[in-house]
Amino acid sequence: MLTYILECVAFQLICLLVYDLFLKKETFFQWNRAFLIVSCLLSLVLPWVKIEALKTTVSKEAVYYPANWFVQIEGVVVEENPAATSFLEQLSAWEWAYICGVLGMAAWLSTKLYRIKKLHREGFKKYYPEYTRVTVQKSNVAFSFFKSIFMGDALPKNKEQQILEHELVHIKQWHSLDLFFFELMRIAFWFNPLVYVYQNRVSELHEFIADAKVAKYQRKEQYAILLSQAFKTENISFINQFFTQSLIKKRIVMLSKQKSKRIFQLKYILLIPIVLGMLVYTSCEQSVDNQEEKIEAVSLNEVLVKTDTIITSTSVPFSTIDQVPVFPGCESAADKRACFQENIQNHIRKHFNYPLEAQEQNIQGRVALIFTIQEDGTIGKIRKRGPHALLENEAVRIIERLPKMEPGKHKGKVVSVPFSIPITFKLASNTSNADSNEVNEISIIGYEGLNAMNSSTLFFIDGKESSVKQMNTLNAHSIESVQVLKDEVAIEKYGQRGKNGVVEIKTKKNFKAQAMHVKDFKYVPQQGLTKGKIISGEKALPGVNISIKGGEATTVSDFDGNFKINAQPGQVIEFDYIGFPKTALLVKE
């Protein structure tokens with residue numbers, strides 16, 4: 001998000017510089033108006049645009065790290081629906097600051113809208129086909145807001161017509177819509193000063209446009225109003241005000257200025273190279289070494305890592321540092337490294353929030369993170385690698401929220417220390433383990449889905465009619481393909497017996513059902529827990545449902561197949577995993 005904001009600001013800054021240097025003094029007011037609005041809108045959109053034809057490859061420096069450079073913190077497995085924290089607790093200080101700014105600006109806009117509504121309610125209203133005139137008592141204000149023109153009853157009567165014509169230009173050209181758009185921009189990007197500059201420039205143009213229209217017919221009268229009026233106005237930034245002292249001089253200059261030559265309209269072509277440059281920049285992608293694609297959080301010590309630079313003269317590996325960084329609360333711990341690891345794992349479990357979009361897209365997997373505890377004890381130089389940006393961003397957000405540490409020291413000097421940690425995101429509802437024996441194909445012909453089946457649906461396994469019960473006993477990994485037929489297609493092949501649908505299942509030839517084994521299964525009396533590791537062949541099985549027969553305690557195996565459960569000697573533990581026979585083991589002393 002920070003990159004997006006910086007790109008938006010950079011694009012806006014370039015466009016405003018071009019406007020002030022080359023376009024501001026021209027009399028192409030409508031063109032200038034379009035330039036400002038379009039460039040502001042493009043600044044919001046272009047950072048997201050990636051055009052394949054414009055892509056270039058930008059290499060970054062690659063650094064080999066020594067085998068002992070990183071300390072590998074034990075991985076953390078996080079699941080959806082944790083007993084975790086509320087949304088408010090997950091917000092960082094920067095996020096709180098942004099939200100407070102948004103709320104403040106929204107409140108300020110609401111206040112200004114209320115003031116306009118109050119003037120409208122209390123004023124004397126007269127309705128016309130193109131506008132509504134609101135007379136404000138004991139005032140000499142003059143401004144328009146959408147279809148309403150507000151005029152004070154203290155204004156000179158001989159000047160009212162010229163003011164009305166001026167404000168009608170604002171109404172007909174929907175100038176209030178431009179200003180209201182920038183008010184919304186000020187809410188979303190209240191921290192960006194360029195949004196305020198944009199609004200100011202557009203507000204000036206509105207006055208120039210209206211002055212130019214009226215002055216075509218009543219130039220002398222317009223001059224007289226601008227020069228002789230005693231100025232006063234409501235302090236509302238997004239209304240089209242007739243009398244604004246800071247604008248009077250500019251308006252007079254523009255009224256007296258000769259029309260710009262048409263050839264100068266070529267200046268607007270400058271927007272094209274600006275847009276193309278932005279597209280090239282946003283479409284750039286970094287080159288990735290083949291080795292880097294194989295990066296695993298389990299072994300970050302011997303892989304090629306992409307980075308600007310992490311190794312510096314003030315970085316010292318954890319294995320050789322004299323005094324390791326200290327996690328808050330671990331100052332008096334005998335083993336500060338173990339205390340650090342325990343606290344960082346607790347921090348991750350407490351603050352993580354499984355992205356809803358990732359859950360909806362069934363995205364899970366392991367995110368490898370490397371980061372540095374810097375000389376001031378803060379977290380920095382975070383690098384990540386995972387199966388999807390949604391998980392990567394969430395992992396980075398968690399690490400960024402780590403508290404400030406007591407920095408590490410080496411030979412009496414404060415130094416930075418690099419670390420690595422894997423965070424595994426696992427969907428509790430997705431416990432299947434993909435491998436070569438998974439279902440290869442599902443072909444649905446003229447059918448709305450398996451959920452529409454009823455008790456009269458026919459089932460055929462390898463060409464032989466079977467029952468629902470037989471189908472449910474199939475090993476999921478033994479299925480090669482499933483074909484569902486309905487209506488005319490089913491009746492044509494099976495006659496009237498197929499009118500309620502037919503499911504044809506084809507199994508793999510020479511399929512060998514995999515076995516699920518529990519390795520290192522034992523009861524640990526010191527902890528009062530039973531633990532082990534669930535494997536199939538040499539492969540760990542994550543997400544195996546584990547429960548005590550007749551009891552309430554349940555758990556699932558982690559990414560490496562390990563589990564712990566509060567089961568005592570004499571109890572039976574059941575292991576249930578899709579595609580494998582259910583297994584039960586008796587806990588012994």
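**Exercise 1. Place F264 and work out which surface patch it belongs to.**

Start with the chain: F264 sits in the loop that links α7 (245-256) to α8 (271-283). Helices here are DSSP runs of H or I with at least four residues, strands are E runs of at least two, and both are numbered from the N terminus. Before going on, keep in mind that this is a predicted model, where local features need pLDDT of at least 70, side-chain atom pairs count only at pLDDT 80 or more, and totals for chains, interfaces and linings use all residues. Residues are numbered from 1 along each chain as its sequence is written, and side-chain values use heavy atoms, leaving out hydrogens and water.

Next, check the cover. F264 has 34% relative accessibility, so it counts as partly exposed; buried means under 20% relative accessible area, exposed over 50%, and partly exposed in between (1.4 Å probe, protein chains only).

Finally, look at its partners. I263, F264, L266, I269, I272 and L276 make a nonpolar surface patch of about 560 Å². Patch residues have over 30% relative accessible area and no salt bridge, with nonpolar side chains (Val, Leu, Ile, Met, Phe, Trp, Tyr) joined within 5 Å and like charges within 9 Å. A salt bridge puts a side-chain nitrogen of Lys or Arg within 4 Å of a carboxyl oxygen of Asp or Glu. The areas themselves come from the Shrake-Rupley method with a 1.4 Å probe, and for residues only the protein chains shown count as cover.

**Exercise 2. Find the disulfide, give its handedness, and sort out C15 and C40.**

First, the count: there's 1 disulfide in the structure, meaning a pair of cysteine sulfur atoms within 2.5 Å. C330 and C339 form it, with their sulfurs 1.9 Å apart.

Now the twist. The S-S bond of C330 and C339 has -75° about it, making the link left-handed. C330 is buried at 0% relative accessibility, and C339 is buried too, at 13%.

Then the leftovers. C15 is in no disulfide, as its nearest cysteine sulfur, that of C40, is 9.3 Å away. C15 is buried, at 0% relative accessible area. C40 isn't in a disulfide either: the nearest cysteine sulfur belongs to C8, 8.9 Å away. C40 is buried at 1%.

**Exercise 3. Compare the settings of K381 and K411, two lysines with positive phi.**

Recall the background: most residues other than glycine have a negative phi.

Take K381: its phi is near 50°. K381 is part of strand β13 (residues 379-385) and is partly exposed, at 31% relative accessibility.

Then K411: phi is about 55°. K411 lies in the loop between β14 (408-410) and β15 (413-415), and at 71% relative accessibility K411 is exposed.
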